[in-house]
Amino acid sequence: MVNKKVRSAKKHVNLTLSQSILTQLRVIYALIMRETLTRYGRENIGFLWVVGEPILFCGGVTIMWTLVRPSHEHGLRMTAMVVTGYVPLVLFRHAVVRSTKAYAVNSSLLYHRLVTPLDIITARITLEVIGVMMAAILVLCGAVSLGYMELPEDWALTLSGFGFVVFFTYGISFIFSYLTERSDLLEKTVSVLTYLALPWTGAFVMIDWIPPKYRWVLEYTSPIANGIEMMRSGFFGSKVVPHYSICFMTYTSLLTFMVGVYLCLRVRPHIELS
Amino acid sequence: MSRLICQDLSKAYHVGKKRRLILDRVNLEVNYGDRLGILGRNGAGKSTLIKMIGGIEKPTSGTIHYGMTVSWPLAFGGAFQGSLSGHDNLRFICRVYHLDYEETLDYVQGFAQLGRQFYDPVKTYSSGMHARLAFSLSLAIEFDCYLIDEVIMVGDARFAQRCEDELFAKRADRTLLIVSHNTDFIKHTCNRAALIHDKKVFLSSSVDEGIEKYYSL
């Protein structure tokens with residue numbers, strides 16, 4: 001790694017591949033630190049809002065649903081259903097909403113040659129992922145210690161399922177960051193779209209509960225529903241009949257991610273500078 | 001010799017459905033150590049040229065060959081996040097450019113002399129304070145070429161003296177691209193002058209000639 005004491009800008013020129021990767025990781029780290037400050041400031045709990053926001057969402061909804069709905073649905077505990085559905089859902093929605101016009105509002109960052117649009121969006125989404133994961137751990141600890149849900153039967157399966165949701169979320173956010181930069185109409189309708197997409201995410205149902213005729217909608221078009229299904233399969237073990245395909249999730253997420261990266265590398269001329 | 005070369009650089013903006021050409025196939029060569037003063041009427045495209053060289057705006061067509069490292073444009077607004085303090089902006093720049101935090105802090109504090117306001121949001125700064133922060137932060141990184149868009153003229157006498165020492169004396173070998181309407185300043189500082197007019201860049205054989213052309217527009 002280049003020396004910190006060297007002040008010459010030349011140290012950032014003609015980097016090897018590994019140096020470039022380290023540089024971009026450093027830039028993403030710098031952006032995450034900066035974003036926490038600009039978004040949450042130093043007032044009251046400050047950066048703790050990173051987890052505060054999603055926890056209000058996940059925790060609030062979990063408590064609500066636990067109170068108003070029957071304690072079991074199709075033999076599964078309500079609280080566990082809500083947590084496994086809402087955590088990925090909050091991540092997906094927040095990430096997509098945060099990706100809208102992510103560049104126009106951050107155009108001052110582009111004054112620094114080392115900062116690329118892909119860094120900006122990656123930092124934003126990563127911050128969202130960190131927040132949601134921390135909130136998920138807290139909600140899980142709370143609900144388990146109060147006896148409203150049990151720990152997952154198969155941690156590996158649960159975490160892999162969540163991993164696929166995260167992977168897909170990055171890709172789709174990259175794509176939205178590009179599209180909203182180009183279309184004001186889309187920018188205005190993103191929050192409605194994410195709302196209309198709620199059933200499509202499969203956060204509220206197991207695919208097995210819906211009539212076989214309609215299962216394909218979630219099973220073969222929705223990587224998120226697949227990911228959630230995988231999480232729940234890990235959570236409930238043999239109590240559920242999961243419908244997911246690792247193969248489907250891998251290729252849809254990978255494709256989305258690659259299209260997203262490609263678009264982010266090409267978004268630069270379309271960014272409105274202030 | 002390392003050079004900064006702009007080749008057939010064009011820039012057009014889209015305003016609604018209309019396309020407005022700002023610069024039309026502009027050519028410019030800057031040698032290492034040149035101090036180029038850029039003159040032109042308001043809206044002629046001076047800042048646009050600086051922004052393209054700084055890598056912020058992408059040219060509509062044409063290429064820029066960088067034979068040297070170029071700073072971000074020192075201008076009003078731009079490089080800083082207004083809601084963050086000068087100190088937060090410094091930390092961000094230290095992280096991005098991989099600089100030693102303590103050392104940079106010392107340097108910037110010594111140069112900018114913002115005192116306690118260094119910890120206030122940048123948007124509360126006066127234009128002079130903004131200029132001081134911008135200068136000290138960009139001088140904390142050793143670029144071969146500094147792009148200066150107007151901002152230098154707003155400082156007080158002490159700041160002007162510091163610029164004199166840090167930029168024109170200590171870094172006398174560096175390349176400077178200075179946009180200004182202050183012809184005295186250009187005459188005093190620059191060894192070359194370029195005039196932007198009618199979407200083109202005209203290089204003058206001497207600074208005095210460039211200034212004369214500027215007045216005769």
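Start by selecting α1 of chain A, since this helix gives the largest share of the lining of the largest pocket, three residues. The model is a predicted one, in which local features need pLDDT of at least 70, side-chain atom pairs count only at pLDDT 80 or more, and totals for chains, interfaces and linings use all residues. Residues are numbered from 1 along each chain as its sequence is written, chains are lettered from A in the order in which they are written, and side-chain values use heavy atoms, with hydrogens and water left out.

**The largest pocket**

With α1 (17–40) of chain A highlighted, add β4 (61–66) of chain B, because each of these two elements supplies at least two residues of the lining; helices (H or I, at least four residues) and strands (E, at least two) are DSSP runs, numbered from the N terminus. A pocket here is an open set of points on a 1 Å grid over the protein atoms alone, where a 1.4 Å probe fits, with protein on both sides within 12 Å along at least five of seven lines, and lining residues have an atom within 4 Å of a point. The volume is about 620 Å³, taken as the space filled by probe spheres set on the points, which are joined across faces, edges and corners. Centre the view on A:H12, A:V13, A:R113, A:L114 and B:V70, which of the 29 lining residues lie nearest the pocket centre. Coloured by class, the lining divides into 16 nonpolar, nine polar and four charged residues, where Ala, Val, Leu, Ile, Met, Phe, Trp, Tyr, Cys and Pro count as nonpolar, Asp, Glu, Lys and Arg as charged, and the others, Gly among them, as polar.

**The second largest pocket**

Move next to the second largest pocket, with a volume of about 520 Å³. Among its 18 lining residues, A:P269, A:H270, A:I271, A:E272 and B:H14 are the closest to its centre. Two elements, α5 (155–182) of chain A and β1 (3–15) of chain B, give two or more residues to this lining, and β1(B) gives the most, with four.

**Charges over rings**

Select A:R113 again, together with B:Y66: the charged end of the arginine sits over the tyrosine ring, 4.7 Å from its centre (the criterion is NZ of Lys or CZ of Arg within 6 Å of the ring centre and within 35 degrees of the ring normal). A:R34 likewise lies over the face of B:F92, at 6.0 Å from the ring centre.

**Aromatic pairs**

Over all chains there are 18 aromatic pairs, defined by ring centres of Phe, Tyr and Trp (its six-membered ring) within 6.5 Å, with planes under 30 degrees apart counted as stacked, over 60 as edge-to-face and the rest as tilted. Show A:W65 and A:F204, a stacked pair at 5.8 Å centre to centre and 15° between the planes. A:W65 lies in helix α2 (residues 49–68) and A:F204 in the loop between α7 (198–201) and α8 (215–221) of chain A, so the pair ties together parts that are 139 residues apart in sequence. A:W65 is partly exposed at 23% relative accessible area, and A:F204 is partly exposed at 29% (buried means under 20%, exposed over 50%, partly exposed in between, with a 1.4 Å probe and protein chains only). Adding A:F57 and A:Y86 completes the cluster that ring pairs link with these two.

**A buried arginine**

Finish at A:R7, in the segment before α1 of chain A, which is buried at 16% relative accessible area. A polar atom of its side chain lies 2.8 Å from the backbone oxygen of B:A140.

Terms used
Polar contact = N/O pair within 3.5 Å; in protein donor to acceptor, adjacent residues only side chain to side chain.
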